[in-house]
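The notes below are meant to be read with the coordinates open, and each point takes up one part of the fold or one site in turn.

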Amino acid sequence: MSDKMDIFLVAPPGMERTLADEARAAGFPLPEAIEGGVSFNGGWDDAWRANLVLRGATRVLVRIGQFRAFHLAQLDKRASKFPWAEVLRPDVPVKVEVTSHRSKIYHERAAAQRIAKAISDGLGAPVRSDAAVALKVRIDDNLVTISVDTSGESLHKRGHKQAMGKAPMRETLASLFLRQMGFDGSQTVVDPMCGSGTFVLEAAEIAAGLLPGRDRDFAFEQLATFEPDRWAAMRGASRPAVPKARFFGFDRDPGAVRMARENAARAGVSDWVSFAEQAVSELTPPDGPPGIVIVNPPYGARIGERKPLFGLYGALGQVLKDRFAGWHVGIVTSDQGLAKATGLTLHTGPAVPHGGLRIRLYRARI
């Protein structure tokens, strides 16, 4: 393996370009948006930093090798010669996940068993289905590509949002929607149906320079390539600042407001956010220049019935038109009809899978 490897940032489908923009802004070398994510060349420290600082990536994969194999016996032979010890530790369990497309080796389970045996026989590492370290093996057109998942748990799990509402927005997706809204940390953000507070908390963390991975562990800490001192220095280099803007969330559900406040306390942003129990009809802009209203209302397909929601969307649109002149508005929904019920002139973003639905960000300027 060389010092420079292919690093792949997994993105929510439809969000590849937005994640590439984030990676570029974070200083990663020549990130390229491709199907399913973002690719760039880098070293192990780039993979560590991507896990630590990128808000929109779902996970970070590092390609550690490739070889051709046209049948299982050939896979056996080449997997047994692969330099597993350069990446894996003999005392750390590993799991092997295989996908195969357009290849003579089509039995994915058999291929996974052969690779697992090569690791256990050659390295001595235990192979377990519940291991924190995962090898992602893709066999495509008889080319076997081996990557290691350096993240472990999905990167949307920041370690702060323990309390969640009925239809939570993932933090990774919320951050990408904020980026599509042009949020850079300097604008006030208001969410009139905040639920457990994801948009508000992400905005506050971005504005304060708090790194998304600051309080969690990663799978790469269990690899042979890990250097604890360098990682500690990287993690300690962050210099958060007090944001100038403030961030507001409202919800009619007192339980949601309580959850949002608890999540804010765990994230360390309570001083910069405000959550209150309030109906959409009571929404007014906070003091200061116009900012961003972003909201993930009910869609009908997941919570309640669709028909009554037309009135809710219509009321939201009327309040925004009447009181929020100069503000940018983002509405996340799976239902174009409901979005149009706001009466706003909307610009439509790409469809993104979310909870079995396909949602979009509809943007407007009041």
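1. The buried residues of H8 pack against helix H6 (198–208), strand E9 (247–251) and strand E10 (273–277), and this should be read with the reminder that the model is a predicted one. The residues of H8 that are buried are Gly255, Ala256, Val257, Met259, Ala260, Asn263, Ala264 and Ala267. In an α-helix there are 3.6 residues a turn, so residues three or four places apart point the same way.

2. The length and the ends of H8 can be checked separately. Helix H8 covers residues 254–267, and because each of its 14 residues is taken at 1.5 Å, the helix should span 20 Å, which agrees with the 20 Å between its end C-alpha atoms. At the N-terminal end, Asp253 acts as the cap, with a side-chain oxygen 2.8 Å from the backbone nitrogen of Gly255. Just after H8, Gly268 adopts a positive phi of about 80 degrees.

3. Helix H4 (residues 108–122) can be examined in the same manner: with 15 residues at 1.5 Å a residue it should span 21 Å, and its end C-alpha atoms are indeed 21 Å apart. Its buried residues are Ala110, Ala111, Ala112, Ile115, Ala116, Ala118 and Ile119, and the elements covering them include helix H3 (72–81), strand E5 (94–101) and strand E6 (133–140). Just after H4, Gly124 has a positive phi of about 90 degrees.

4. Is Ser151 buried or exposed? This residue sits in the loop between strand E7 (143–149) and helix H5 (171–180), and it counts as buried because its relative accessibility is 1%, where the cut-off for buried is under 20%. The side chain of Ser151 makes a polar contact with the side chain of Asn51 at 2.6 Å, and it also reaches the backbone nitrogen of Val60 at 2.8 Å. Leaving aside residues up to four places away in sequence, Ser151 touches Asn51, Arg59, Val60, Arg216, Asp217, Phe218 and Ala219.

5. Which residues line the largest cavity? They are Asn51, Leu54, Leu155, Arg158, Pro212, Gly213 and Arg216, a lining that divides into three nonpolar, two polar and two charged residues. Asn51 and Arg216 in this lining are also among the residues that Ser151 touches. The space in the largest cavity comes to about 30 Å³, and the structure holds one cavity of 30 Å³ or more.

6. The second largest pocket has a volume of about 560 Å³. Of the 19 residues lining the second largest pocket, those closest to its centre are Phe8, Leu61, Arg138, Thr145 and Ser147. Strand E1 (5–10), strand E4 (59–68), E5, E6 and E7 each contribute at least two residues to the lining of this pocket, which divides into eight nonpolar, four polar and seven charged residues. E5 and E6 also appear among the elements that cover the buried residues of H4.

7. A last point concerns Ala315, which is found in helix H9 (residues 309–323). Ala315 is partly exposed, because its relative accessible area is 37%, a value that falls between the cut-offs of under 20% for buried and over 50% for exposed. Between the C-alpha atoms of Ala315 and Leu361, which are 46 residues apart along the chain, the separation is 19 Å.

Terms used:
Residues numbered from 1 in each chain as written. Predicted model: local features only at pLDDT ≥ 70, side-chain atom pairs only at ≥ 80, totals over all residues. Heavy atoms only, no water. Helix = DSSP H or I, 4+ residues; strand = E, 2+ residues; numbered from the N terminus. Expected span 1.5 Å × (residues − 1). Buried < 20%, exposed > 50% of the residue type's maximum accessible area, 1.4 Å probe, protein only. Contact = heavy atoms within 4.5 Å. Polar contact = N/O pair within 3.5 Å; in protein donor to acceptor, adjacent residues only side chain to side chain. 1 Å grid on protein atoms, 1.4 Å probe; cavity = no way out; pocket = protein on both sides within 12 Å on 5 of 7 lines; lining within 4 Å. Points joined across faces, edges and corners; volume = space filled by probe spheres on them. Nonpolar A, V, L, I, M, F, W, Y, C, P; charged D, E, K, R; others polar.
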